[in-house]
Amino acid sequence: MINTNLKYWRRELSLTQAQMAEKLGIKRSLVGAYEEGRAEPKLTTLVNMARLFGITLDALVTTDFSKKSKAKTAIRHLEPVNTTPEPPRPAGNLRVLALTVDKEQNENIELVPLKASAGYLNGYADPEFIEELPKFRLPMLGSGGTYRAFEISGDSMLPIASGTVIVGRYVDDWLTLKDGTPCIVVSAKEGIVFKRVYNRLKNAATLSLHSDNPVYSPYEIDVQDVVEIWEAKAYISSTFPIADLSLNRLASIVLDLQKQMTTLKKA
């Protein structure tokens with residue numbers, strides 16, 4: 001069943017075996033082996049297939065889509081829409097979200113530490129890269145949505161300190177983002193940043209990113225550069241907030257320290 005469905009959907013998407021392999025983050029020879037029934041895909045590969053085709057995992061393994069005339073409608077929401085007011089999707093085609101699951105088929109929360117941040121820009125859609133990341137679960141987040149954790153650096157979002165781990169829920173429809181939503185934004189030019197997002201997609205096809213620390217000015221980022229957006233839902237930190245210290249006071253302290261460092265360097 002999986003081999004016929006893989007061949008069917010690959011043709012529906014007008015992809016070669018090499019292109020399909022690139023989308024799934026596997027070798028081209030594996031696509032051929034799967035289609036010929038000589039090998040069985042790993043669970044992570046099956047999950048990525050289902051997401052790529054816009055169908056459920058259960059449908060992928062139980063339904064013969066080559067015999068269903070209605071199957072073509074399932075990929076419509078995956079096709080980029082370039083008419084206004086919908087902004088163009090990044091990368092021009094399809095977004096693939098690689099993920100991992102535990103023995104009970106529950107999705108893990110993968111942690112992207114600072115040392116893996118640079119590699120994440122190249123490996124975010126690679127199941128093997130995601131598989132190597134540290135994993136954990138937070139039952140209080142529930143089962144609605146896909147979550148990922150990112151270690152942040154810098155003081156732009158004080159009082160959330162550098163080294164804090166932000167747990168974000170994957171945002172599929174960026175148009176639904178409300179102004180001021182704290183998010184992890186992954187982009188080709190900026191890398192991984194934690195900011196408050198102001199939605200300018202309909203009018204300008206951009207996002208305006210704001211820091212909570214007033215020392216840092218807001219800036220615009222083009223939607224074409226955006227790879228992923230994760231809405232912040234929780235954070236983990238070993239640094240406790242300082243009592244009775246306002247954000248402005250914290251920003252002032254940081255600014256004073258920066259000035260002192262500049263003076264020392266010039267001395």
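Which residues of H1 are buried? That is where I will start, and please keep in mind that this is a predicted model.

The buried residues of H1 are Ile-2, Asn-5, Leu-6, Tyr-8, Trp-9 and Arg-10. So much for the list; next, what lies over them. The cover over these buried residues includes H2, helix H3 (28-35), helix H4 (43-53) and helix H5 (57-62).

Now the end of that helix. H1 is followed by Ser-14, which sits in the loop between helix H1 (2-12) and helix H2 (17-24). Ser-14 is not a glycine, yet its phi is positive, about 55 degrees. For background, most residues other than glycine have a negative phi, and most peptide bonds are trans. As for surroundings, Ser-14 is exposed, because its relative accessible area is 63% and the cut-off for exposed is over 50%.

There is another residue of this kind further along. Ala-205 is also not a glycine, and it has a positive phi of about 55 degrees. Where is Ala-205? Ala-205 is in the loop between helix H8 (201-204) and strand E7 (206-210).

Last item, the peptide bonds. The bond from Leu-158 to Pro-159 is cis, and its omega is near 10 degrees. Pro-159 belongs to the loop between strand E3 (147-151) and strand E4 (165-170).

To recap for anyone with the structure open: look at Ser-14 and Ala-205 for positive phi, at the bond from Leu-158 to Pro-159 for the cis peptide, and at H1 for the buried residues, Trp-9 and Arg-10 among them.

Methods: Residues numbered from 1 in each chain as written. Predicted model: local features only at pLDDT ≥ 70, side-chain atom pairs only at ≥ 80, totals over all residues. Heavy atoms only, no water. Helix = DSSP H or I, 4+ residues; strand = E, 2+ residues; numbered from the N terminus. Buried < 20%, exposed > 50% of the residue type's maximum accessible area, 1.4 Å probe, protein only. Contact = heavy atoms within 4.5 Å.
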